[in-house]
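Subject: Structure handover

Hello,

Please find the structure below, with the sequence alongside. My notes on what was found in it come after.

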Amino acid sequence: MDYPRLNSFAVLGLASLFFHHAVFAAPLLRCHVSYAGTTQVIETMPVADPYPVPSVDIGGRFRFKAVMVGSTARIERILLYAYLDARTQPILIQEAKYLPPFKASAMPYPLTGEQHLYAGPAERELIYNCTLQGVRP
């Protein structure tokens with residue numbers, strides 16, 4: 001038996017396994033949300049329970065909630081919510097749902113495209129786009 005050759009195959013196999021996990025570390029949803037000339041970056045990892053995920057204040061006028069339900073091995077769904085932050089309570093102005101299959105990619109790719117939402121008496125504009133990365137094949 002050729003031990004040096006066997007060892008090089010073992011090292012190559014371990015390196016390949018390490019590289020695969022390093023490239024596809026974990027799914028990451030990254031949303032750029034803009035209002036009144038200011039952009040916030042909201043990053044989301046997979047969760048088992050979507051209900052405790054909080055919405056994020058966007059300039060005191062809107063709220064944005066991004067939820068990725070699933071695990072690092074499989075994303076079950078992605079939910080995006082945009083609210084107008086009214087005096088009495090937030091008013092839902094958009095709900096978007098994305099279902100698998102998702103493109104397997106270590107590099108970010110556009111999931112939503114650029115979205116423009118208008119709400120309120122003064123037609124305030126909220127702009128967002130989200131990318132997804134780290135989805136395993």
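The notes below go from the overall layout to individual residues and pairs.

To begin with, this is a predicted model.

Overall layout

The protein has one helix and ten strands. Read from the N terminus, the helix comes at the start and the strands follow, in the order α-β-β-β-β-β-β-β-β-β-β. The protein has 137 residues, of which 34% are buried. Of the contacts with a separation of 6 or more, 44% are between residues 24 or more positions apart. The exposed area of the protein is about 8,500 Å², and 58% of that comes from carbon and sulfur atoms.

Aromatic pairs

There are three aromatic pairs in the structure. One of them joins Tyr35 and Phe62 in an edge-to-face arrangement, with 5.3 Å from centre to centre and 70 degrees between the planes. Tyr35 belongs to strand 1 (residues 28-35) and Phe62 to strand 5, so this pair ties together parts that are 27 residues apart in sequence. Tyr35 is buried, at a relative accessible area of 12%. Phe62 is buried as well, at 0%.

Another pair is made by Phe64 and Tyr128, and its geometry is tilted: the centres are 4.9 Å apart and the planes make 55 degrees. Phe64 is also in strand 5, while Tyr128 is in strand 10 (residues 124-133), so the parts tied together here are 64 residues apart in sequence. Both of these residues, Phe64 and Tyr128, are buried.

A buried lysine

Strand 5, which covers residues 62-70, also contains Lys65. What is the nearest side chain of opposite charge to Lys65, and how far away is it? It is Asp49, at 8.5 Å. Lys65 is buried and has no salt bridge. A salt bridge requires a side-chain nitrogen of Lys or Arg within 4 Å of a carboxyl oxygen of Asp or Glu. The side chain of Lys65 does reach a backbone oxygen, that of Val53, at 3.1 Å. Apart from neighbours within four places in sequence, the residues in contact with Lys65 are Pro50, Tyr51, Val53, Pro54, Ser55, Leu79, Leu80 and Tyr81.

Salt bridges

Side chains of opposite charge can pair when their charged atoms come close. How many salt bridges does the structure hold? The structure holds three.

- Glu43 and Arg30 meet through their side chains at 2.6 Å, N to O. Glu43 is in strand 2 (residues 38-44) and Arg30 is in strand 1, so the bridge ties together parts that are 13 residues apart in sequence. Glu43 is partly exposed, with 47% relative accessibility. Arg30 is partly exposed too, with 23%.
- Asp57 forms a salt bridge with Arg63, and their closest N and O atoms are 3.9 Å apart. Asp57 counts as partly exposed at 34% relative accessibility.
- Arg77 forms a salt bridge with Glu76, with 3.8 Å between the closest N and O atoms. The relative accessible area of Glu76 is 41%, so Glu76 is partly exposed. Arg77 is likewise partly exposed, at 26% relative accessibility.

Where to look

For a reader starting with strand 5, the residues to find are Phe62, paired with Tyr35, then Phe64, paired with Tyr128, and Lys65, whose side chain reaches the backbone oxygen of Val53.

Regards

Key: Residues numbered from 1 in each chain as written. Predicted model: local features only at pLDDT ≥ 70, side-chain atom pairs only at ≥ 80, totals over all residues. Heavy atoms only, no water. Helix = DSSP H or I, 4+ residues; strand = E, 2+ residues; numbered from the N terminus. Buried < 20%, exposed > 50% of the residue type's maximum accessible area, 1.4 Å probe, protein only. Contact = heavy atoms within 4.5 Å. Areas by Shrake-Rupley, 256 points an atom, 1.4 Å probe, with all protein chains shown as cover. Lys, Arg positive; Asp, Glu negative; His and termini not counted. Polar contact = N/O pair within 3.5 Å; in protein donor to acceptor, adjacent residues only side chain to side chain. Phe/Tyr/Trp six-rings, centres within 6.5 Å; stacked < 30°, edge-to-face > 60°.
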